[in-house]
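Visitor: Could you pick one small part of this protein and take me through it slowly? After that, I'd like to see how the rest of the picture fits around it.

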Amino acid sequence: MINIAVLGYGTVGSGVVEVINTNQESINKRAGDEIHVKYVLDLRDFEGDPVQEILVHDFNIILQDPEVDIVVEVMGGVEPAYTFTKQALLAGKSVCTSNKELVAKHGAELLAIAKNNQLNYLFEASVGGGIPIIRPLNSSLTADEITEITGILNGTTNYILTEMAEKGAAFEDVLKDAQEKGYAERNPEADVEGYDACRKIAILTSLVVGEQVDYEDIHTEGITKITEKDFQYAKALNASIKLLGTSKKVDDTFYSMVAPVMIGENHPLIGVNGVFNGIFVHGNVLDDVMFYGRGAGKLPTASAVVSDVVDAAKHKDSNIPTIWDEKKTKLGKFEDLPNKFFVRMRDKGLGEEQLSAIKNAFGNVLYVKVPEINGELAFVTETMKEGGFAEQIAKFDDVYSVIRVDF
């Protein structure tokens, strides 16, 4: 019997218990042993819920029980999750988690502790919810040199942008709708400002390069400045707007960024809508691979956690190698990253004088017109470096919008 303890009985924690109870027979078969939930840790009580019989409020009960083989950490946040995880690993217990904030900040250290103790620290559910992406990067794609990984990594922002595109609605109205439907938190900052996607692309990039990528070093923009008019222009360009987390190799250097991007109809992520996530990986041998599915939610995320529990049970006395060194990798300077840009600015009625100023700053641009929108000039630049673009755009006042372009 493999005894597990679940830390946190919120959305994901209750989902883990439900998945194990629902699919007990098939899970046990795949694990090669019986998976048994011995404890659930939470500060609250759950009267009327069968979990009350195995509920504990003190982590030391779990830590000091030699029968507990695997700890499932689904508490969220860095503390006390970090302390509990480290103590569990040092006490000889493998850990499976969905906690992207903790993995992004301390993943390399916790992996090293697990390796030194012939244990496992597994975090498939930390990126992409139920989409398998960590395990493929760690095992299936090891023959390739990954040169790009780009993803729609946050279901909340993807739902909001999809609704804005399809209904022509304002950001504030769609956000309120998303909150009412439970797709967005009461405080949606981590989602709409891009912080959640940033932590996830930091984890993926760390696995690709094999060294620590700090999410604080990744240029991050959210979706709060995207308007209905931006989508009107995108439609005129047969494009859509998505919040992308991306890392790509340019001249042997990785550049990472999280920002809204206008993607064309041939982009592999163009059809990823609603609360779904999609992750695009390019390898120098394999070429293009896509991972698609529900990137969040109680049962999809819990399913990924339980898959790690099964993996940990199958490797009870051995470590599954994961290359993620604590040494910090050096990302390319954001200012040197090449991109195309969509720009909206006020039409000052200066005719050739304003057009000449735009050409001098950005070279030959592609102008975009939407019949319903007056008093604006909108265009797509040629490829230029972020630093050079920032220097030139600063020369113009009354700029309404800047969105990066990939088509």
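Guide: Let's start at Val-51, which sits in the loop that runs between strand β2 (35-41) and strand β3 (55-56). One thing to keep in mind as we go: this is a predicted model. So is Val-51 buried or exposed? Its relative accessibility is 5%, and buried means under 20%, so Val-51 counts as buried. Now look at what touches it. If you skip the neighbours within four places in sequence, Val-51 is in contact with Tyr-9, Val-40 and Phe-46. You can also check a distance here: Ser-14 is 37 residues away from Val-51 in sequence, yet their C-alpha atoms are 9.0 Å apart in space.

Let's hop to another spot, this time with aromatic rings. A pair of aromatic rings is described by how far apart the centres are and by the angle between the planes. The protein has 12 aromatic pairs when they are counted by centres within 6.5 Å. Take Phe-362 and Phe-396: their ring centres are 5.7 Å apart and their planes meet at 25°, so this pair is stacked, the cut-off being under 30 degrees. The pair ties together distant parts of the chain, with Phe-362 in helix α13 (residues 352-362) and Phe-396 in the loop between α14 (386-393) and β19 (399-406), 34 residues apart. Both Phe-362 and Phe-396 are buried. They also have company, since ring pairs join Phe-341, Phe-362, Tyr-367, Phe-379, Phe-389 and Phe-396 into a cluster.

Now zoom out to the whole thing. The protein has 14 helices and 19 strands. Of its 407 residues, 55% are buried. Among contacts with a separation of 6 or more, 72% are between residues 24 or more positions apart. As for overall size, a compact globule of 407 residues would have a radius of gyration near 22 Å, and the protein's 23 Å agrees with that. Measured out along the principal axes, the C-alpha atoms fill a box of roughly 80 × 45 × 30 Å.

Last stop, the outside and the charges. The accessible surface is about 18,400 Å², and carbon and sulfur atoms own 47% of that. There are 39 positive and 62 negative charges, and the mean positions of the two sets are 3 Å apart.

Methods: Residues are numbered from 1 along each chain as its sequence is written. This is a predicted model: local features need pLDDT of at least 70, side-chain atom pairs count only at pLDDT 80 or more; totals for chains, interfaces and linings use all residues. Side-chain values use heavy atoms; hydrogens and water are left out. Helices (H or I, at least four residues) and strands (E, at least two) are DSSP runs, numbered from the N terminus. The radius of gyration is taken over C-alpha atoms; the globule rule is 2.2 Å times the number of residues to the power 0.38. Buried means under 20% relative accessible area, exposed over 50%, partly exposed in between (1.4 Å probe, protein chains only). Contact means heavy atoms within 4.5 Å. Accessible areas come from the Shrake-Rupley method with a 1.4 Å probe; for residues, only the protein chains shown count as cover. Lys and Arg count as positive and Asp and Glu as negative; His and the chain ends are not counted. The place of a charge is taken as NZ of Lys, CZ of Arg, CG of Asp or CD of Glu. Rings of Phe, Tyr and Trp (its six-membered ring) pair if their centres lie within 6.5 Å; planes under 30 degrees apart count as stacked, over 60 as edge-to-face and the rest as tilted.
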